[in-house]
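This report describes the structure shown below, moving from a helix core through the sheet to loops and surface.

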Amino acid sequence: MGKIRKIGVLTSGGDAPGMNAAIRAVTRTAIYNGLEVTGIRHGYQGLIDSNFIPLQASSVSDIIQRGGTILKTARCEEFRTPEGRRKAYNNLRSAQIDGVVVIGGDGSFTGARLFGEEFDLPFVGIPGTIDNDIYGTDYTIGYDTALNTVVQCVDKIRDTASAHNRMFFVEVMGAEAGFIALYSGIATGAEAILIPETKGEDRDLSKMIMNGNTRKKSSNIIIVAEGDEGGGAFAIAEKVKNQFKDYDIRVSVLGHLQRGGSPSAIDRVNASRLGHAAVEALLDDQKSVMVGLMNGEIVLVSFRRAVKLDKDVDHNLIDLARILSV
Ligand code: F6P
């Protein structure tokens, strides 16, 4: 056997549906390969506090269908400091952990990248965030479920909007990315979609909302990503309300319900594949890489690239949404 005998696994940053499926896949792949597994609780904070629990194959039974994360998660300030990372390293060594799988987003991989520059103990990442905003992978765990949750909610809002001839501004998550907004907007036939990726473009909100169309629709849905430069759904509704006097305007902020719920089949399958691939990567002596999915295939992407480069939305889809909502 190689030098990896025992691995740790943790979830970090915002939780995402499918993280449990990934924990299960990591644990069972490791056990299948004769490794021991330690669960690290509360993300990087658990590394600093030695909040460790042993995981057996049975510890991850009955979790593939559950949202949230059985290991808990956190955003940890202390791990951003060299002292915090030193404590984490010492605790990992004391527990005889030879490698760590981190399930999280950009911030989590930034911490893992710095750790990898300072210490010789490999970290491998699995992209887990509903925002789908990680470079080097077409897909992040939780995005598919969150997108479907948003689509269900917007369909319901459409019913009541049509019944009252109302205009709704629906705010969805995506502090820095418009994937959920763009895809849910297309899937629900939204009249306009406002996303951070169009920042700085010359846009006339009222024109965008009307989309050059004089036909009076019985309802209007405008999807707003929370990170849009307009300042969120309430602020945007306030800005345009005088131009749409015929419409009764309402705002709905979907909030954290987008992060919960049972993961979709796609999220479960992809989390299972990525969890398996992460352990294989550690066994292959990889370090400071994320496992991702590109065109359906498993890929390895350095943390440096995953963190540094921005993943853009497909701008053809922005045009498509506009064409289809005339
Ligand atoms: O998980 C990513 C994300 O959903 C962002 O879109 C959002 O801004 C953020 O998490 C909010 O998370 P929290 O309320 O946990 O800080």
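## A buried position in helix H5

Val 150 is located in helix H5, where helices (H or I, at least four residues) and strands (E, at least two) are DSSP runs, numbered from the N terminus. The model is a predicted one, in which local features need pLDDT of at least 70 and side-chain atom pairs count only at pLDDT 80 or more, while totals for chains, interfaces and linings use all residues. Residues are numbered from 1 along each chain as its sequence is written, and side-chain values use heavy atoms, with hydrogens and water left out.

With a relative accessibility of 0%, Val 150 counts as buried, a term that means under 20% relative accessible area, with exposed meaning over 50% and partly exposed in between (1.4 Å probe, protein chains only). Apart from neighbours within four places in sequence, Val 150 is in contact with Val 172, Ile 180, Ser 184, Leu 254 and Gln 258, contact being defined as heavy atoms within 4.5 Å. Of these partners, Leu 254 is 104 residues from Val 150 in sequence, yet the two are 7.7 Å apart in space, C-alpha to C-alpha.

## Helix H6 and its surroundings

Helix H6 (residues 179-188) has seven of its 10 residues buried, so it is largely enclosed by the rest of the structure. The buried residues are Phe 179, Ile 180, Ala 181, Leu 182, Ser 184, Gly 185 and Thr 188, and among them Ile 180 and Ser 184 are also contacts of Val 150.

The buried residues of H6 pack against two helices, H5 (143-164) and H11, and against the strands E6 (166-172), E7 (192-194) and E8 (220-225). After H6 comes Gly 189, which has a positive phi near 65°.

## The seven-stranded sheet

Seven strands make up an open sheet with mixed pairing, in the order E3-E2-E1-E4-E5-E10-E11; two strands pair if DSSP finds at least two bridges between them. Strand E3 (52-55) and strand E11 (297-302) are at the edges with a single partner strand each, so one side of each lacks a neighbour in the sheet. From one strand to the next the twist averages 30°, where axes are lines fitted to C-alpha atoms (for helices over the stretch in contact) and angles run from 0 to 180 degrees between N-to-C directions.

At the E3 edge, strand E2 (residues 36-40) pairs with E3 in the antiparallel sense over four bridges. Thr 38, found in strand E2, has Pro 54 of E3 as its bridge partner. Thr 38 is buried, with a relative accessible area of 6%, and, leaving aside neighbours within four places in sequence, it is in contact with Lys 6, Ile 7, Gly 8, Val 9, Phe 52, Ile 53, Leu 55 and Ile 97.

## Strand E10 and the hairpin with E11

Which strand partners does E10 have in the sheet order? E10 stands between E5 and E11 in that order. Five of the six residues of strand E10 (residues 289-294) are buried, so this strand is largely enclosed by the rest of the structure. Strand E5 (residues 123-127) and E10 run parallel and are joined by two bridges, with Gly 125 standing opposite Met 290 in E10.

The pairing of E10 with E11 is antiparallel and extends over six bridges; Val 291 has Leu 300 in E11 as its bridge partner, and Val 289 stands opposite Ser 302 in E11. These two strands form a hairpin with two residues between them, and Asn 295 in the turn has a positive phi of about 50°.

## The loop between E3 and H3

Most residues other than glycine have a negative phi. Asp 62, which is not a glycine, nevertheless has a positive phi near 65°, and it is placed in the loop between E3 and helix H3 (82-94). Lys 72 lies in the loop between E3 and H3 as well and, although not a glycine, has a positive phi of about 65°. At 40% relative accessibility, Lys 72 counts as partly exposed.

## A nonpolar surface patch

Leu 320, Ile 323 and Leu 324 make a nonpolar surface patch of about 300 Å². Patches are made of residues with over 30% relative accessible area and no salt bridge (a side-chain nitrogen of Lys or Arg within 4 Å of a carboxyl oxygen of Asp or Glu), like charges being joined within 9 Å and nonpolar side chains (Val, Leu, Ile, Met, Phe, Trp, Tyr) within 5 Å. Accessible areas come from the Shrake-Rupley method with a 1.4 Å probe, and for residues only the protein chains shown count as cover. Ile 323 lies in helix H11 (residues 315-324) and, at 56% relative accessibility, counts as exposed.
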